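Reader: I'm new to this one and would like a close look at a single part of it. Could you take me through the helix that comes up first and what surrounds it?

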Amino acid sequence: MNTKLYVGNIPFSTTAQDLQDLFAQAGTVASVDLIFDKFTGRSRGFAFVAMTTGEEAQQAIEKLHGYSMEGRNISVNEARPKEDRPAPRSFEGGERRGLGGGGRGGHHGHRGERGERSERGGSWDRRG
């Protein structure tokens with residue numbers, strides 16, 4: 001069974017191949033997932049490396065935690081399972097609050113300023 005490692009503080013110029021070659025010193029590397037920012041496409045400075053056995057993963061932690069890459073000391077730890085996060089908030093349906101446009105009247109303006117509807121419901125009457 002593969003053991004996944006979290007690798008942090010890596011230089012932004014590091015490639016997946018660089019990590020593959022580095023971690024191969026500790027054993028067989030099953031996969032390398034270098035994490036990129038989805039908006040900029042730039043490396044986020046961390047990755048996940050899966051080693052084929054727990055023993056190889058432990059060797060990688062002991063050998064490479066604190067290893068200097070381009071002047072940065074990388075951190076290598078066993079990856080924790082992804083935490084459950086609350087579901088994203090949905091803004092569809094339900095009660096709508098706070099959607100006014102800054103109080104300048106307009107479509108949702110205060111009726112006292114614009115007049116009141118006549119009882120016939122057709123047009124606005126100006127009173128006073």
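Author: Here is a walk around helix H1 and the parts of the chain that meet it.

One thing to keep in mind: this is a predicted model. To get your bearings, the protein chain has 3 helices and 8 strands. Reading from the N terminus, they come in the order β-α-β-β-α-β-β-β-α-β-β. There are 128 residues in the protein chain, and 26% of them are buried.

Now for the way into the helix. Strand S1 covers residues 3–8 and H1 covers 16–23, with a loop between them that holds Asn9. Have a look at the backbone of Asn9: its phi is near 65°, which is a positive value in a residue other than glycine. Asn9 counts as partly exposed, because its relative accessibility is 33%.

Next, what does H1 sit on? H1 lies across S1, S2, S3 and S6, and it runs at about 145° to S2. Those strands make an open sheet of 4 strands, ordered S2-S3-S1-S6, with antiparallel pairing. S2 and S6 (75–78) are the edge strands: each has a single partner strand, so one side of each has no neighbour in the sheet. On average, and with direction ignored, neighbouring strands of this sheet are turned by 25° against each other. If you want to follow one pairing, try S1 and S3, which run antiparallel and are joined by 6 bridges. On that pairing you'll find Thr3 opposite Met51 in S3.

Back to the helix itself. Which of its residues are tucked away? In H1, the buried ones are Leu19, Leu22 and Phe23. They're on the same side of H1, because they cover an arc of only 85° around the axis. There's a general pattern behind this: an α-helix has 3.6 residues a turn, so residues three or four places apart point the same way. As for what covers the buried residues of H1, the list includes S1, S2, S3, H2, S4 and S6.

That brings us to the nonpolar core. The largest one has 20 residues, and Leu5, Phe23, Met51 and Val76 touch the most other members. H1 is one of the elements that supply at least two residues each, and the others are S1, strand S2 (29–36), strand S3 (43–51) and helix H2 (54–64). H2 gives the largest share of this core, with 4 residues. Speaking generally, nonpolar side chains tend to be buried together in soluble globular proteins.

A good way to see how the helix ties in is to start from Leu5 and look outward. Leaving aside neighbours within four places in sequence, Leu5 is in contact with Phe23, and also with Ala47, Phe48, Val49 and Met51. Further along the chain, the contacts of Leu5 include Ala57, Ala60 and Ile61, then Val76, Asn77, Glu78 and Ala79. Links across long stretches of sequence show up in the chain as a whole too: of the contacts between residues at least 6 apart, 55% join residues at least 24 apart.

So, to pull the picture together: H1 lies across four named strands, S1, S2, S3 and S6, and Leu19, Leu22 and Phe23 are its buried residues. Of these, Phe23 is among the core residues that touch the most other members, and Phe23 is also one of the contacts of Leu5.

Key
Residues are numbered from 1 along each chain as its sequence is written. This is a predicted model: local features need pLDDT of at least 70, side-chain atom pairs count only at pLDDT 80 or more; totals for chains, interfaces and linings use all residues. Side-chain values use heavy atoms; hydrogens and water are left out. Buried means under 20% relative accessible area, exposed over 50%, partly exposed in between (1.4 Å probe, protein chains only). Contact means heavy atoms within 4.5 Å. A nonpolar core is a set of buried Ala, Val, Leu, Ile, Met, Phe, Trp, Tyr and Cys residues joined through side-chain atoms within 4.5 Å. Two strands pair if DSSP finds at least two bridges between them. Axes are lines fitted to C-alpha atoms, for helices over the stretch in contact, and angles run from 0 to 180 degrees between N-to-C directions. The arc is that of the directions from the helix axis to the C-beta atoms.
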